[in-house]
Amino acid sequence: MTTKAGPKNPVERYLRMDRMPHIWCPGCGIGTTVNCFARAIEQSGVDLKKLAIVSGIGCTGRVAGYLSFDSFHTTHGRAIPFATGLKMANPELKVVVYSGDGDLVAIGGNHFIHAARRNADLTVFCVNNFNYAMTGGQIAPTTPLDAVGTTSPYGVCERPFNLPFLAKSCGAVYVARWTAYHVRQLTKSMIEAMDKRGFSFVEIITPCPTLYERRNRLGDGLARMEWFRDNSVIRHGSDTRYADIGFQEKIICGKFVDVDRPSLLEMTQAKLGDVVSHRRWQEMSRRQRRPLGEEATKG
Amino acid sequence: MPGYVSAELTGAHYIDGDHATAEGAIAAGCNFVAGYPITPSTEVVERLAGRFPSTGGNFIQMEDEIASSIAIQGAVWGGAKAMTVSSGPGISLMMEHIGLAAMTEVPCVFVNVQRGGPSTGLPTLPAQADMMQARWGSHGDYEIIALSPNSPQECFDLIIHAFNLSEQYRVPVMFMMDESVGHMTEKVVIPPYNQIEVTPRRFTTKRPGEYKPFALDNGSMVPPMVKAGEGYGIHITGLTHDERGYPVMNAQIQDRLVNRLVDKILKNVDKITRVRDDGVEGADVVVVSYGITSRISMRAVRMAREKGVKVGHLRLVVVWPFPEQLVRQLARKVKAMVVPEINLGQVVLEVERCAAGNCNVVSVPHAGGAVHNPNTIYSAIMEAAG
Ligand SMILES: Cc1ncc(C[n+]2csc(CCOP(=O)(O)OP(=O)(O)O)c2C)c(N)n1
Ligand code: SF4
Ligand SMILES: [Mg+2]
């Protein structure tokens, strides 16, 4: 028997090939985003040794496990605080958080807004498939009004988040949104996001044909990509307030925010310098009248 | 390896247990702390926020304890020595990440300055009612190490030991203080840095490509570590994983992994155990205590001795893993063991289990909010002595 060696996939070197085949369904959009990410890494020239990927839990949460860099599959919703600690302890690292919509903005919503507020030096890629896929298609804070999910069989009654608006309001310095159809634009945005200092955010709308599309009768993965092609509107610089996503309504894509603001690391460095002297600590503690042991009987 | 304490602080100080814990952590080489304010633990992080910039450490006040308890784990993979600090409600929020640290074998320290519970309970008053939570609070089978200091000096000394144990066994260590010890001000002597023993992290000597994050070497049950950013391309997951760190969903790998996580602690109980023995040999009655209650017990023991009772005192400095063999043997030699604790009877359950009916075991419970009246413990001793 001979094994036929097919053409090698150019992004293989960024993947853990010993973990293939992956768990994702045919037509799933997560793999498409990983492809874009691998290309973004290749084009950006980022030091692979210094790149760390942090995911939470979910179908998207499995991304970390398929990438060949230092990668961490943490707990549901907590990729951002893990990444914050990792980056603070080793500022040389480029830390990318790659996770799902439920993970990042439902259970992890508090961490998301605070990381954006403090302009933590992180790049966050949120794969928004409009539902909790890993657990079987329940509704998420991103599910459009009226769409169905297993925990909202008559249609969602709550307004979803508008993620670009949320990220921008909290202070993100880079905000973009693309669908899995926009592979070139997405790759470019990923590069730009990784180049920023501070909190950069890219929302990626993807098909989940097995659950969201099937339950809402939106066709298979390919049909969905065609729908994205025909129903997305690219509007760079558009006001994020108007970037809401309604059920089967136009999806506004583009780069919405690209500004500079000192990052958490830069602010910390500016405030504390390399080392605050012991004397300054003594003065500070006296000023605050804290019993810090300074008056202690020495010896 | 010598400690990191800055030379300026070597000497005697008059500080409380919370401040001593902060200084001890610095001496142990701790350089990353994430926390969220909560009484009676806040002074620990306040001191670190003031001190870290001059010792090269990072403190970050996170948005909640869930975040704090995982930020420290990210920091450890970034190469830091890390801890978080909290009390009752905050510790309850951290439980999922204690499990993550146990599963992914992250050396780190969780300081719990215990207060009265359940729920918001008694924020400013002491308790020892989180002892079982410390051991069992996260889901699944796992083992941790828990230490219980009884004075500010011990807060300083033992937090260094806590860091050392966490590195030696790659395990989360619970530092079980209580409000009394945290807020009690006493003399604390900070030794010269070269007299402080610090266990460095054990990093692999293997090269990228050869290294598997959870493969054992030299017959050790604890795998060596790496940190992110050195080209190893590690994968770390809270899922059940094999030696490569890759998820594997089957009973066989689960069996191997979980048993190792438990065995690396339980098979080393003798090495980890630390007790203080006061007249246990030849005693008829032995008081078994830990933390602040050990100091109240000393008084009760003295009172009973004055009445001629042969009473010993066994203080558990390391509470978990429980010194099972020690207590088993002791139970065969004494008439009774008296176990006072500021809870309705937690560690006494372990004493009872190990005594296995060989001696009488008397619980001296207290619902929290204060320490015991020594007379209560004294009466229990006298009654047990018969
Ligand atoms: C604390 C906790 N709660 C719930 C779960 C179960 N759970 C696993 S993945 C998931 C949702 C994932 O949704 P999302 O983040 O959108 O990722 P997707 O699978 O859609 O990519 C949930 C609720 C969990 N693992 N941990
Ligand atoms: S369930 Fe949905 S999101 Fe998950 S792998 Fe399948 S298609 Fe993708
Ligand atoms: Mg999702």
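A residue is counted as near a molecule when one of its heavy atoms lies within 4 Å of that molecule, and the first stops of this tour, which goes through a predicted model, rely on that idea.

**Stop 1: ligand 2**

Select ligand 2 and then show the residues around it, which are W24(A), C25(A), C28(A), I30(A), C59(A), N129(A), A133(A), C208(A), P209(A), T210(A) and L211(A). If you colour this shell by residue class, you will find 9 nonpolar residues and 2 polar ones, with no charged residue among them. Which helix gives the most to this shell? It is helix α8 of chain A, covering residues 209-215, and its share is 3 residues.

**Stop 2: the magnesium ion**

Keep N129(A) selected from the shell of ligand 2, and add the magnesium ion, which is ligand 3. The protein donors of this ion are D101(A) through OD, N129(A) through OD1 and N131(A) through its O atom, and they lie 2.0 to 2.2 Å from the metal. Along the sequence these donor residues follow the spacing D-x27-N-x1-N. Here D101(A) and N129(A) link distant parts of the chain, since they stand 28 residues apart, with D101(A) in helix α4 (residues 101-107) and N129(A) in the loop between β4 (123-128) and α6 (163-170).

Are D101(A) and N129(A) buried or exposed? D101(A) has a relative accessible area of 2% and is therefore classed as buried, because the cut-off for that class is under 20%. By the same cut-off, N129(A) also counts as buried, at 5% relative accessibility.

**Stop 3: ligand 1**

Now select ligand 1, which is surrounded by 17 residues, the closest being C59(A), T60(A), D101(A), G102(A) and D103(A). Show chain B as well as chain A at this point, because residues from both chains surround ligand 1, so the site is shared between them. The shell has 6 nonpolar, 8 polar and 3 charged residues, and α4(A) gives the most to it, with 4 residues.

With the distance tool you can look for three polar contacts to oxygen atoms of ligand 1. An N or O atom in the side chain of T60(A) is 2.7 Å from an oxygen atom of the ligand, a polar side-chain atom of D101(A) lies 2.5 Å from one, and a polar side-chain atom of N129(A) lies 3.0 Å from one. On its own ligand 1 has 600 Å² of accessible area, and the protein covers 77% of this.

**Stop 4: N343(B)**

Move to chain B and select N343(B), which sits in the loop between β15 (336-340) and α13 (347-355). With a relative accessible area of 2%, N343(B) is buried. A polar atom of its side chain lies 2.7 Å from the backbone nitrogen of G345(B), and the side chain also reaches the backbone nitrogen of Q346(B) at 3.0 Å. Leaving aside residues up to four places away in sequence, N343(B) touches Q128(B), A129(B), M131(B), Y290(B), P365(B) and H366(B).

**Stop 5: chain A as a whole**

Finally, zoom out and show chain A as a cartoon, where 11 helices and 8 strands can be followed. Of the 299 residues in this chain, 56% are buried. Among the contacts in chain A with a separation of 6 or more, 69% are between residues 24 or more positions apart. If you switch to a surface view, the accessible surface of chain A comes to about 13,500 Å², and carbon and sulfur atoms account for 53% of it.

Conventions:
Residues numbered from 1 in each chain as written. Chains lettered and ligands numbered in written order. Predicted model: local features only at pLDDT ≥ 70, side-chain atom pairs only at ≥ 80, totals over all residues. Heavy atoms only, no water. Helix = DSSP H or I, 4+ residues; strand = E, 2+ residues; numbered from the N terminus. Nonpolar A, V, L, I, M, F, W, Y, C, P; charged D, E, K, R; others polar. Donors = N, O, S within 2.8 Å, 3.2 Å for Na, K, Ca; no water. Buried < 20%, exposed > 50% of the residue type's maximum accessible area, 1.4 Å probe, protein only. Contact = heavy atoms within 4.5 Å. Areas by Shrake-Rupley, 256 points an atom, 1.4 Å probe, with all protein chains shown as cover. Polar contact = N/O pair within 3.5 Å; in protein donor to acceptor, adjacent residues only side chain to side chain.
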